[in-house]
Amino acid sequence: MPKRPPSGFHQRRSVARRFQWDADEAVAPNAERSPQSQSVNAQSVDAQSVKSQSVSVVAKHIRERLQTDPMLSGIWIEGEIRSFSRSGAGHYYFDLADTDGDSALACVFFRGSNRGMQVRQGDQVLVYGGADLYLARGSLQIIIDDLRPIGEGVLQAEFNRLFRQLGDEGLFNPDRKRPLPRYPQRIGVATSEHGAVWHDIQDVLGRRWPLAELLLAPCQVQGAGAAEDIANTIDAFNLLTHDRPDVLIVGRGGGSPEDLWAFNEEPVARAIFASDIPVVSAVGHETDVTIADHVADLRAPTPSAAAELTAPDRSEESARIAGFRQTFSQLLESRVSRLQLMHASFTERFERAAPDLASRQMDLNRAQGALDLELDRQLAVRGAELAARQQRLQALNPMATLNRGFTAITDDHGRIVTSARALQSDQPITIRFHDGEVDARTTADPVMTEDHARV
Amino acid sequence: MHVSNHADQVSHDTDLSYEELVEALEEALSELETGGLPLDQAVDAYARGSELSRRAQQLLAEAELRIATLRDQP
């Protein structure tokens, strides 16, 4: 028995109440097969005269049939996952389709059954489940109990093939990525004229960077011929001889992988690679990464983000300019204050020079004092020496000896006679006393004292 | 003389794009930052910077998004 959607499930919520209904009683076999022409022909049908059923009675009957059908109530089905979406509550919704056919079955894979299993668009899978009628819409869906992958889907396989090929050719080479202009003057946008992308880009740039001009080249972004149209539009931008944009945004809003498929096609990849103008890709939502995103110079997760990545923000720029202005003021102020400091330091040096002179004066004074002291000391020493010498001189003065009663005798030539032997009898001499002299004459020859006689 | 030349150049050259204004602004700033300028030239760089930043702010404040459509495709 397939599970019913829980309450809160948007748009597909079913009426949970089970309805017991006896088909044979309510609808006669004939009535079921009654020809359509009957109602077409009738101008007006009286409700009382026809045995009719309410919609819910019919819907519930069909549901009952589906749920009790031996084949449909539990069956393995093989197909490719398309139009995959995941609800906020964690339920998966997708179509299961034949890879090369037109048939598709709507599938529901509730959270309790899917347990967060990785399921992607294009996956080739084998599912086990049962058919059910979603009463609110009368639509048939397969409620899935089990899902097993069985290899790549066709779209995925094509993606992988082209990805490998273009990668080998160097279209994704990081070295080729060109920087975007810092301040774009003209931004070319290749997208649908009516899509959310164009609206979002105008909105974001009008707010953030109205200094730029926006140049829209409307193009078809999904369906047959979309890839060629996008590629031609990129070429057309590059062929402009004047007013050529300096950056391009190429993209579209969110959608199923089939909707986004044009951006996985070779012409778009080649045109982006060949573009002289740097290209920002903005395809679908953040989780959608197309081949165009790999080739582009910059991949934006969303169209709004593309507009933000392409141009600066006006208020941030304004703050930056204000910062410049402040830096200018600070630089000039610091220049002036540096000059003031320099001036102050000169003054200080002058002031420091004066105390130097004073200290030298003091040194000089000190030296002078020391000199004076030394002079005094030396004078004193010399004075003392002089006195001592005078005393010694005094002691040697012969006059002092004369004072004590000795006399000096000179011969008639005026020579001091120091030996008795120098005299003979009757020789004139002069006797000198301390207070005068007397001339005299010797009366005898010298008589030598005993210790001098032998000489 | 050097000083007034620069100032005149800035005030008369009104066709500068925002990008050119910012480049001139950055140039004046780096001149002032290197610090080797004589004082009169530093004052000139300051005056130029003030004028450039005023004009850049004006561009930011007054800009309105222009929108055109490319119709003629090959």
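**Where chains A and B meet**

In this predicted model, A:Leu216 sits across from B:Thr69, a residue of strand 1 of chain B. That pair belongs to a link between the chains: strand 7 of chain A (residues 213-218) and strand 1 of chain B run parallel and are joined by four bridges.

Beyond the strands, the contact draws on 28 residues from chain A and 28 residues from chain B. On the chain B side, the elements giving two or more residues are helix 2 (18-34), helix 3 (39-62) and strand 1 (66-69). Helix 3 of chain B puts in the largest share, with 11 residues. Sorted by class, the side of chain B that touches chain A comes out as 17 nonpolar, seven polar and four charged residues.

Helix 3 of chain B is worth a look of its own. Its 24 residues should span 34 Å at 1.5 Å a residue, and the end C-alpha atoms are 35 Å apart, so the two figures agree. Buried residues in helix 3 of chain B include B:Asp44, B:Tyr46, B:Arg48, B:Leu52 and B:Arg55.

Over in chain A, helix 7 (residues 196-208) packs against helix 11 (residues 303-310) at an angle of about 35°, and their axes are 8 Å apart. The crossing of these two helices of chain A is right-handed. Helix 7 of chain A brings residues such as A:Val197, A:Ile201, A:Val204 and A:Leu205 to this contact, while helix 11 of chain A offers A:Pro303, A:Ala306 and A:Ala307, among others. By class, the contact between helix 7 and helix 11 of chain A has eight nonpolar, one polar and three charged residues.

Definitions and conventions:
Residues are numbered from 1 along each chain as its sequence is written. Chains are lettered from A and ligands numbered from 1 in the order in which they are written. This is a predicted model: local features need pLDDT of at least 70, side-chain atom pairs count only at pLDDT 80 or more; totals for chains, interfaces and linings use all residues. Two residues are in contact if their C-beta atoms, placed from the backbone, lie within 7 Å. Ala, Val, Leu, Ile, Met, Phe, Trp, Tyr, Cys and Pro count as nonpolar, Asp, Glu, Lys and Arg as charged, and the others, Gly among them, as polar. Two strands pair if DSSP finds at least two bridges between them. The expected span of a helix is 1.5 Å times one less than its number of residues. A residue is buried if 20 or more other C-beta atoms lie within 10 Å of its own, exposed if 12 or fewer, and partly exposed in between; C-beta atoms are placed from the backbone. Axes are lines fitted to C-alpha atoms, for helices over the stretch in contact, and angles run from 0 to 180 degrees between N-to-C directions. A crossing is left-handed if the near helix is turned anticlockwise from the far one by less than a right angle, and right-handed if clockwise.
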